[in-house]
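Welcome! Here are a few exercises to work through with the model open beside you. Try each task before reading its solution.

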Amino acid sequence: HKHVSIDGAAVALLATSTGNDLRRIDQELEKLAAYVGYQGSINRETVQNLVPPVFEEKIFSLVDALGQRNVRTATRMLEEFLDNRVNELYLLTMIARQFRLIIGAQDLAGRGMSFSEIGKQLNASSRNDFVVRKLLQQAQMFDPSELVRVQEMILATDQAIKTGKMEPTLAIQTLAISICAHRRSSPQKARSSARTR
């Protein structure tokens with residue numbers, strides 16, 4: 001009804017950026033339609049330029065809470081995602097992606113790569129500097145061995161949901177509690193390795 005077309009890649013990015021909040025999607029579509037003069041089409045680049053990455057930032061906030069072992073904030077944020085009807089497996093995929101990026105940032109910082117080089121290697125620079133900065137901050141909250149353990153927990157959660165061993169909401173909440181309960185062995189390890197190498 002907004003007299004514009006929108007391609008598949010743009011739709012996918014819009015859903016990711018808004019966290020599937022239907023009211024917000026409608027508001028963003030109105031803004032995008034106005035931007036293209038209520039004619040023509042909306043592509044991924046238009047969405048990337050105009051729609052703030054709320055969902056991505058919320059995932060960063062969730063991982064912040066997990067890194068700080070703040071189980072109350074982490075579980076409250078998960079409930080907010082689920083209340084907004086974000087699919088549990090999609091949410092798990094986004095959490096897994098975030099931890100893969102953290103592992104990459106930690107590894108590259110340990111090799112002495114610069115801020116911009118890390119962004120290029122992780123393809124994170126296309127969004128903005130916020131992403132790279134946050135990844136490096138979050139990399140300091142986890143030991144390398146702990147990140148391996150988190151990945152194992154994410155994989156086990158994925159399998160538990162897909163095989164029906166655990167109810168999806170319970171599985172995601174259990175994962176968050178498990179990550180928060182896992183204590184770091186040497187808090188300065190990641191920080192010092194990124195600085196000295």
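Helices here are DSSP runs of H or I with at least four residues, and strands are runs of E with at least two, both numbered from the N terminus. The model is predicted, so local features need pLDDT of at least 70 and side-chain atom pairs count only at pLDDT 80 or more, while totals for chains, interfaces and linings use all residues. Residues are numbered from 1 along each chain as its sequence is written, and side-chain values use heavy atoms, with hydrogens and water left out.

**Exercise 1.** Find the helix that holds arginine 97, and decide whether arginine 97 is buried, partly exposed or exposed.

*Solution.* Start with the helix: arginine 97 sits in H6, residues 88-110. Next, recall the classes: buried is under 20% relative accessible area, exposed is over 50%, and partly exposed lies in between (1.4 Å probe, protein chains only). With a relative accessible area of 33%, arginine 97 is therefore partly exposed. To finish, look across to glutamine 151: it is 54 residues from arginine 97 in sequence, and their C-alpha atoms are 9.9 Å apart in space.

**Exercise 2.** Place lysine 134 in its helix, then classify its accessibility and list what it touches.

*Solution.* Lysine 134 belongs to H8, residues 129-139. Its relative accessibility is 15%, so lysine 134 counts as buried. For the last step, contact means heavy atoms within 4.5 Å. Leaving aside residues up to four places away in sequence, lysine 134 touches Phe60 and Asp64.

**Exercise 3.** Describe how H1 and H4 pack, and name the residues that meet.

*Solution.* First, the geometry: axes are lines fitted to C-alpha atoms, for helices over the stretch in contact, and angles between N-to-C directions run from 0 to 180 degrees. H1 (residues 8-18) and H4 (residues 54-67) pack at about 45°, with axes 4 Å apart. Angles under 35 degrees count as roughly parallel, over 145 as roughly antiparallel, 65 to 115 as roughly perpendicular, and the rest as oblique. H1 and H4 are therefore oblique to each other. Now the residues: Thr16, Ser17 and Thr18 of H1 meet Val54, Phe55 and Glu56 of H4. Sorted by class, this contact has two nonpolar, three polar and one charged residues. Here Ala, Val, Leu, Ile, Met, Phe, Trp, Tyr, Cys and Pro count as nonpolar, Asp, Glu, Lys and Arg as charged, and the others, Gly among them, as polar.
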